[in-house]
Amino acid sequence: FRLNRNHFETLEAAAEDFCRNNVVKANEAYPFLTSYLQEQLDISVETVAVTDLPNTQRLYDREQGRLLLSETLDYPNRIFQLTHMIGLLQYGDAIDGLIDAAQVVDGRQQSRCRVELANYFAAAVLMPYGAFMEEARASRYDLHHLSARFGVSFEQVCHRVTTLQREGDSGVPFFFLRVDKAGNVTKRFNATSFHLADFGGSCPRWDLHVSFRMPGRILPQFVELPDGARYFTINRTVDRPSSDYRAQDNRLAVTLGCSIEHAGSLKYAEQFQLGSPDIFTPIGINCLLCPRQACADRAQQPIHLDLPIDENRRGQTRFES
């Protein structure tokens with residue numbers, strides 16, 4: 001995904017091939033896709049109770065030709081799961097070709113790649129490149145507008161805009177990050193030079209974390225990394241399916257970011273005076289990798305820097321005096 005800047009023209013072509021022969025309208029997608037799976041792939045679709053499909057959102061029973069969807073899935077996610085299965089089954093050769101070309105040989109890694117690439121196909125079908133790009137530019141990347149226009153979730157829109165890197169018709173290069181309440185990174189995609197940590201949490205000064213206190217609201221923020229690179233980020237919470245009271249707070253936070261030179265292309269930057277140096281919040285990748293000193297939010301000792309410790313002086317945190 002990194003080597004391809006999160007864009008796979010093979011899957012874009014596969015999605016366009018599917019859409020050329022099948023018109024998928026947002027408000028008619030579910031009956032169309034269920035009929036398609038039955039008539040073209042001999043797979044019946046059933047929505048089943050949580051008790052009949054515990055701890056599972058989707059299950060494909062190959063032997064019986066049944067695709068089971070959990071009733072916890074909302075409409076956009078049911079549509080997405082149906083399209084995902086079409087990609088996995090009907091365009092499996094294209095997906096396997098990409099995996100072979102990347103020389104992924106481990107069985108578990110191949111399965112992970114197959115799932116993610118089928119997700120890519122589903123997004124490309126539900127948000128076709130040409131129409132989606134045109135609407136994104138016209139709306140100045142209004143994510144809520146795009147979500148309503150294409151009948152998909154906010155998170156699905158965020159993911160899709162990171163893939164718009166077709167040669168000769170590319171959009172704003174974005175990175176995408178999703179974290180849970182504990183700060184664990186649960187998803188990442190990147191078409192920029194922004195460094196996303198593979199391990200550990202992210203910077204507490206980033207409004208990505210503040211968004212948990214303001215669920216559903218977009219928090220725009222300009223950030224500056226220790227190397228001086230500057231980015232504009234859009235932060236918001238998203239909700240996950242819940243099946244019982246023990247999982248009633250499955251909220252996650254997502255951020256979508258671009259390099260500062262592209263901020264003017266986004267609707268969310270209109271309220272800011274872009275030339276002002278005071279709009280930038282200094283952040284790091286995470287505390288383990290951040291070289292900033294005298295940071296009151298530091299939670300860990302950096303692995304590549306010895307911060308000064310003086311027993312006669314109390315600094316901002318216990319990691320530095």
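**Helices, two residues and a cavity in a predicted model**

The buried residues of helix α1 are Leu11, Glu12, Ala14, Ala15 and Phe18, where buried means under 20% relative accessible area, exposed over 50% and partly exposed in between, with a 1.4 Å probe and protein chains only. Seen down the axis of α1, these buried residues fall within an arc of 160 degrees, so they line one face of the helix; the arc is that of the directions from the helix axis to the C-beta atoms. On the other side of α1, Arg20 and Asn21 are exposed.

Before going on, I should say that this is a predicted model, in which local features need pLDDT of at least 70 and side-chain atom pairs count only at pLDDT 80 or more, while totals for chains, interfaces and linings use all residues. Residues are numbered from 1 along each chain as its sequence is written, and side-chain values use heavy atoms, with hydrogens and water left out. The mean pLDDT of the protein, that is, the predictor's confidence in each residue on a scale from 0 to 100, is 89, and 96% of the residues reach 70 or more. Among the elements, strand β7 (residues 185–190) has the lowest mean pLDDT, 86, and helix α6 (residues 129–138) the highest, 97. Helices (H or I, at least four residues) and strands (E, at least two) are DSSP runs, numbered from the N terminus.

To return to α1, its 13 residues, 9–21, should span 18 Å at 1.5 Å a residue, and the end C-alpha atoms are 19 Å apart, which agrees; the expected span is 1.5 Å times one less than the number of residues. For the 20 residues of α5 the expected span is 28 Å, and the end C-alpha atoms of α5 are 29 Å apart, again in agreement.

What covers the buried residues of α5, among them Leu117, Tyr120 and Phe121, includes α1, α3, α4, α6, α7 (143–150) and α8 (154–161). In helix α4 (residues 92–101), the buried residues are Gly92, Ile95, Leu98 and Ile99. Seen down the axis of α4, they fall within an arc of 125 degrees, so they line one face of the helix, whereas Asp93, Asp100 and Ala101, on the other side, are exposed. The buried residues of α4 pack against α1, α3 (75–90) and α5 (107–126), and just after α4, Gln103 takes a positive phi of about 55 degrees.

Next, two residues in strands. Cys258, in strand β10 (residues 252–259), is buried, with a relative accessible area of 0%. Leaving aside neighbours within four places in sequence, Cys258 is in contact (heavy atoms within 4.5 Å) with residues including Val172, Phe174, Tyr231 and Leu266. Glu224, in strand β8 (residues 219–224), is partly exposed, with a relative accessible area of 22%, and its contacts beyond four places in sequence include Arg230, Phe280 and Arg292.

Finally, how many cavities of 30 Å³ or more does a search of the whole structure find? The search finds two, a cavity being a set of points, on a 1 Å grid over the protein atoms alone, where a 1.4 Å probe fits but cannot get out. The largest has a volume of about 90 Å³, a volume being the space filled by probe spheres set on the points, which are joined across faces, edges and corners. Of the 13 residues that line the largest cavity (an atom within 4 Å of a point), the closest to its centre are Cys203, Gly284, Cys287, Cys290 and Cys295.

Technical notes: On a 1 Å grid over the protein atoms alone, a cavity is a set of points where a 1.4 Å probe fits but cannot get out, and a pocket is an open set with protein on both sides within 12 Å along at least five of seven lines; lining residues have an atom within 4 Å of a point.
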